[in-house]
Structure formats: structure tokens, C-alpha cells
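Visitor: I have a structure in front of me and would like to learn how to read it feature by feature. Could you take me through it slowly?

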Amino acid sequence: MTDSIAIYTDGGCDPNPGPGGWAALILQDGQKTELMGADPDTTNNRMELTAAIQALRSLKFPSSVTLYTDSQYLQKGIDEWMRGWLARNWKAST
């Protein structure tokens with residue numbers, strides 16, 4: 001594993017749904033990497049998720065990551081809901 005990495009994410013749109021954007025700041029070994037993107041027709045939650053997904057996809061090696069987000073949807077997905085999704089093979093509960 002490489003050194004610890006900090007990732008800061010945000011996303012949103014206005015109105016919701018509507019045009020939106022996302023951004024991520026990755027801090028690793030004293031270096032800063034900025035990622036960003038936009039979508040003409042999206043939702044706030046989708047942009048929050050996209051920021052985290054794209055930041056994690058950009059990592060070249062297995063790493064210890066601390067992810068910072070202001071999105072309760074993203075945080076709960078990681079901390080609470082993911083275990084259930086994995087147990088159900090990514091299918092909604094019945």
C-alpha cells in the first residue's frame with residue numbers, strides 16, 4: 001500500500017434534477033490533483049456519487065483513503081447501506 005490519501009468531494013445541480021457538476025480534490029504525497037465534470041441533466045445525489053467514484057477510479061495503486069464529503073447520501077451508502085447491497089448482489093431489498 002502507498003501512503004494515505006485524502007479525497008475531498010462535492011457535487012450538485014440546480015434545479016434538482018437539472019444541469020449539474022462534480023469535483024474532487026486528491027491529496028497524495030504532497031501533490032494535489034483536481035478532477036471535475038458536468039452533466040446537462042442529472043441529480044444532486046448522482047453528482048455526489050460521481051465525484052467519489054471518479055476520484056477512486058483515478059488512483060493507480062491500492063491505497064488507504066480518507067474520503068471527505070458533505071453528502072449524507074454518499075456517507076450512508078458507504079457506512080450503512082453497502083453491506084446490504086453486497087449481500088443482495090447489488091439488488092434492491094424485496
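Visitor: Let me begin with a single residue: leaving aside its neighbours within four places in sequence, which residues is Lys32 in contact with?

Guide: Before the answer, please keep in mind that this is a predicted model. Once the neighbours within four places in sequence are set aside, Lys32 is in contact with Leu25, Ile26 and Leu27. Lys32 itself is placed in strand E3, and with a relative accessible area of 65% it is exposed. For a distance through space, you can take Lys32 and Ile53, which are 21 residues apart along the chain and whose C-alpha atoms are separated by 17 Å.

Visitor: How many helices and strands does the chain have, and in what order do they run?

Guide: The chain has 2 helices and 4 strands, and from the N terminus on the elements follow the order β-β-β-α-β-α. The C-alpha trace spans about 40 × 35 × 20 Å along its principal axes. If you look at contacts between residues at least 6 apart in sequence, 49% of them join residues at least 24 apart.

Visitor: What share of the residues is buried, and which residues make up the largest nonpolar core?

Guide: Of the 94 residues, 24% count as buried. The largest nonpolar core has 6 residues in all, namely Ile5, Ile7, Ala24, Ile26, Ala55 and Leu59, and the elements that give two or more residues to this core are strand E1 (2-13) and strand E2 (18-28). Leu59, one of the core residues, is in contact with Ile5, Ile7, Ile26 and Val65 when its neighbours within four places in sequence are left aside. As for the outside, the accessible surface of the chain comes to about 6500 Å², and 53% of that belongs to carbon and sulfur atoms.

Visitor: How should I read the charges, and where do two side chains meet in a salt bridge?

Guide: One can start from the totals and then go to the pairs. The chain has 8 positive and 11 negative side chains, and the centres of these two sets lie 10 Å apart. The structure holds 1 salt bridge, in which the side chains of Asp39 and Arg46 meet at 2.9 Å, N to O. Asp39 is buried, with a relative accessible area of 16%, while Arg46 is partly exposed at 41%.

Visitor: And Glu48, is that residue buried or exposed, and which side chain of opposite charge is nearest to Glu48?

Guide: Glu48 is buried and yet has no salt bridge, since the nearest side chain of opposite charge, Arg46, is 13 Å away, whereas a salt bridge is counted within 4 Å. Glu48 lies in helix H1 (residues 44-58), and, not counting residues up to four places away in sequence, Glu48 touches Asp10, Gly11, Thr69, Asp70, Ser71 and Leu74.

Visitor: What is there to look for in the backbone itself?

Guide: The general idea is that most residues other than glycine have a negative phi, and most peptide bonds are trans. With that in mind, turn to the loop between E1 and E2, where both Pro15 and Pro17 are placed. A cis peptide bond joins Asp14 and Pro15, with omega about -5°, and the peptide bond from Asn16 to Pro17 is cis as well, with omega near 0°.

Visitor: Which residues other than glycine have a positive phi, and where do they lie?

Guide: Asn89 has a phi near 55°, and Trp90 has a phi near 65°. Asn89 lies in the segment after helix H2 (72-87), and Trp90 is found in the segment after H2 too. Asn89 is exposed, with a relative accessible area of 56%, and Trp90 counts as exposed at 54%.

Visitor: To finish, which residues is Thr43 in contact with, leaving aside its neighbours within four places in sequence?

Guide: Those residues are Cys13, Asn16 and Pro17, so that Pro17, which you met in the loop between E1 and E2, appears again here. Thr43 has its place in the loop between strand E3 (31-42) and H1, and at 32% relative accessibility Thr43 counts as partly exposed. Thr43 and Gly77 are 34 residues apart in sequence and 16 Å apart in space, C-alpha to C-alpha.

How values were computed
Residues numbered from 1 in each chain as written. Predicted model: local features only at pLDDT ≥ 70, side-chain atom pairs only at ≥ 80, totals over all residues. Heavy atoms only, no water. Buried < 20%, exposed > 50% of the residue type's maximum accessible area, 1.4 Å probe, protein only. Lys, Arg positive; Asp, Glu negative; His and termini not counted. Contact = heavy atoms within 4.5 Å. Areas by Shrake-Rupley, 256 points an atom, 1.4 Å probe, with all protein chains shown as cover. Charge placed at Lys NZ, Arg CZ, Asp CG, Glu CD. Core = buried A, V, L, I, M, F, W, Y, C linked by side-chain atoms within 4.5 Å.
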